[in-house]
Amino acid sequence: MGQFKVTILAKYLPVRLRKESSRGGSLHVGITTIILCLFIASIVLFLGAFLRTHVTEFLSSSSSMEEVLPAIFFSPPIPDCASSTMNNSLASPSADQVWHSMNDEELLWRASMEPRISQYPYTRTPKLAFMFLSRGSLPLAPLWEMFFKGHEGFYSIYLHVSSITDFTPPYSSSVFYNRMIPSKGTATMVDAERRLLANALLDWSNERFILLSDTCIPIFNFTTIYNYLIISSWNQSFLGSIDDPRPMGRGRYNKRMQPELTLADWRKGSQWFEVHRRVAVQMVSDIKYYSILKQHCKPPRCYMDEHYFPTLVTKILPEINTNHSITWVDWSRPGSHPSMFVRKHVSEGFLMKIRNMTDCGFTHRTRSTICFLFARKFHPSTLEPLLRIAPSLLGFTDNSN
């Protein structure tokens with residue numbers, strides 16, 4: 001374009017000069033006109049080249065754009081609906097990396113967003129989100145490595161560690177490598193659980209959300225658990241919720257929670273749950289009941305982690321909850337904590353007893369007769385016998401093969 005302008009100018013100037021001379025115009029005026037036009041043309045060419053170079057560099061630089069525009073315009077990425085199989089980085093913003101700079105308020109806000117159109121515009125494989133709540137490193141990690149092996153693409157892992165000083169980073173080939181979520185300051189048990197849920201919700205492929213402790217073990221292989229939760233359970237969630245008339249149940253209710261929460265709404269249950277995505281979104285979106293319990297349910301009289309989620313789900317989505325946990329624990333001994341199993345307790349007969357339990361404690365609304373998929377509390381000393389039994393009894397794949 002610049003070359004075209006110069007060509008026209010070169011053709012135009014001699015003609016104008018001849019016309020001015022034929023009119024007896026001053027030669028001085030003609031020379032001045034030439035110089036002025038050449039000067040303007042050079043400025044136009046210079047500005048054109050300058051703008052073309054720098055605008056191209058600016059537009060191609062994501063960092064430059066992020067400095068000018070708010071970060072919200074860049075996250076999450078917009079899916080390319082023209083493709084039938086979208087890249088995971090688009091369909092699932094946190095599928096590969098769980099680290100981010102959001103604080104809890106920003107994280108919960110982001111996780112509360114959910115598409116209103118049920119059909120996804122890309123090929124989506126529903127995944128199980130395994131959320132580990134740990135005090136430090138996972139002592140039973142080798143058993144879980146064996147459990148997950150060969151099922152990549154069907155699960156996601158999230159790890160919340162309460163004590164970094166007791167945490168040893170896993171090796172790079174571990175399924176737990178780079179799966180520790182950001183932790184912004186201190187947090188209650190409920191805050192840590194909501195933080196795990198919110199991080200897992202960022203991956204739109206996660207369909208079911210399982211909260212586990214560092215003493216939990218699977219009592220079936222991955223395929224059985226996946227089929228139970230994704231295929232057999234329909235939309236049912238497994239979150240313990242009971243109306244406990246004892247002092248440690250109704251006795252913890254505070255009348256100051258009225259009128260939003262009445263005694264009839266008050267529930268207690270195990271904190272180790274498995275929920276459907278629809279329920280998980282509500283668990284991180286709630287502000288109303290969270291604020292009430294945070295203010296009126298405090299130790300030593302009341303423990304929020306035993307009451308908040310059971311009460312919340314019963315209040316807003318009771319029709320899709322079985323009111324029962326699928327993580328087995330032994331409460332047969334007196335005390336405020338369940339039994340801890342050590343090395344001498346672990347045997348094939350012991351695990352089979354848990355697997356074959358038929359008294360689920362709830363009206364079974366699934367296609368399966370299985371009551372429990374996981375069990376706790378298992379001491380680190382149980383790792384060796386568990387690794388020995390798992391390949392044959394649970395159908396795991398030995399990592400040494």
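A residue counts as buried when its relative accessible area is under 20%. By this criterion Cys-302 is buried, because its relative accessibility is 1%. Cys-297 likewise falls in the buried class, with a relative accessible area of 3%. The structure that holds these residues is a predicted model.

The chain contains 401 residues, of which 45% are buried. Its secondary structure consists of 13 helices and seven strands. The accessible surface of the chain amounts to about 21800 Å², and carbon and sulfur atoms contribute 59% of that area. Among contacts in the chain with a separation of 6 or more, 81% are between residues 24 or more positions apart.

A disulfide is a covalent bond between the sulfur atoms of two cysteines. One disulfide was found in a search of the whole structure. The bond links Cys-297 and Cys-302, with an S to S distance of 1.9 Å. The torsion about this S-S bond is about -80 degrees, and the disulfide of Cys-297 and Cys-302 is therefore left-handed. Another cysteine, Cys-216, is also assigned to the buried class because its relative accessibility is 0%.

Backbone geometry was examined next. Most residues other than glycine have a negative phi, and most peptide bonds are trans. Two cis peptide bonds are described here. The bond from Pro-299 to Pro-300 is cis, with omega near 5 degrees. Pro-300 is situated in the loop that runs between α10 (288-296) and α11 (304-316). Arg-376 and Lys-377 are likewise joined by a cis peptide bond, for which omega is about 5 degrees. The loop that holds Lys-377 runs between β7 (374-375) and α13 (383-393).

Positive phi values occur at Asn-178 and at Asn-323. For Asn-178, a residue other than glycine, phi is near 60 degrees. Asn-178 is placed in the loop between β2 (155-161) and α7 (189-201). Its relative accessible area of 40% makes Asn-178 partly exposed. Asn-323 is not a glycine either, and its phi is about 65 degrees. The loop between α11 and β6 (327-328) contains Asn-323. With a relative accessibility of 35%, Asn-323 is classed as partly exposed.

The surroundings of Asn-323 include residues distant in sequence. Phe-238 is 85 residues away from Asn-323 along the chain, yet the C-alpha atoms of the two are separated by 6.2 Å. When residues up to four places away in sequence are not counted, Asn-323 touches Leu-239, Gly-240, Ser-241 and Thr-314. The C-alpha atom of Gly-269 is 8.2 Å from that of Asn-323, with the two positions 54 residues apart along the chain. Gly-269 belongs to the loop between α8 (222-232) and β5 (274-276). The relative accessibility of Gly-269 is 18%, so this glycine counts as buried. With the same exclusion of residues up to four places away, the residues touched by Gly-269 are Gly-240, Ser-241, Glu-306 and Pro-310. Gly-240 and Ser-241 thus appear among the contacts of Gly-269 and also among those of Asn-323.

The largest pocket encloses about 1500 Å³ of space. Its lining comprises 49 residues, and those closest to the pocket centre are Gln-271, Trp-272, Glu-306, Trp-331 and Arg-376. Two of these residues recur from the preceding paragraphs: Glu-306 is touched by Gly-269, and Arg-376 takes part in the cis peptide bond with Lys-377. By residue class, the lining of the largest pocket consists of 17 nonpolar, 21 polar and 11 charged residues. At least two lining residues come from each of β1 (127-134), β2, α7, α11 and β6. The greatest contribution to the lining of the largest pocket is that of α7, which supplies three residues.

Notes. Residues are numbered from 1 along each chain as its sequence is written. This is a predicted model: local features need pLDDT of at least 70, side-chain atom pairs count only at pLDDT 80 or more; totals for chains, interfaces and linings use all residues. Side-chain values use heavy atoms; hydrogens and water are left out. Helices (H or I, at least four residues) and strands (E, at least two) are DSSP runs, numbered from the N terminus. Buried means under 20% relative accessible area, exposed over 50%, partly exposed in between (1.4 Å probe, protein chains only). On a 1 Å grid over the protein atoms alone, a cavity is a set of points where a 1.4 Å probe fits but cannot get out, and a pocket is an open set with protein on both sides within 12 Å along at least five of seven lines; lining residues have an atom within 4 Å of a point. Grid points are joined across faces, edges and corners, and a volume is the space filled by probe spheres set on the points. Ala, Val, Leu, Ile, Met, Phe, Trp, Tyr, Cys and Pro count as nonpolar, Asp, Glu, Lys and Arg as charged, and the others, Gly among them, as polar. Contact means heavy atoms within 4.5 Å. Accessible areas come from the Shrake-Rupley method with a 1.4 Å probe; for residues, only the protein chains shown count as cover. A disulfide is a pair of cysteine sulfur atoms within 2.5 Å.
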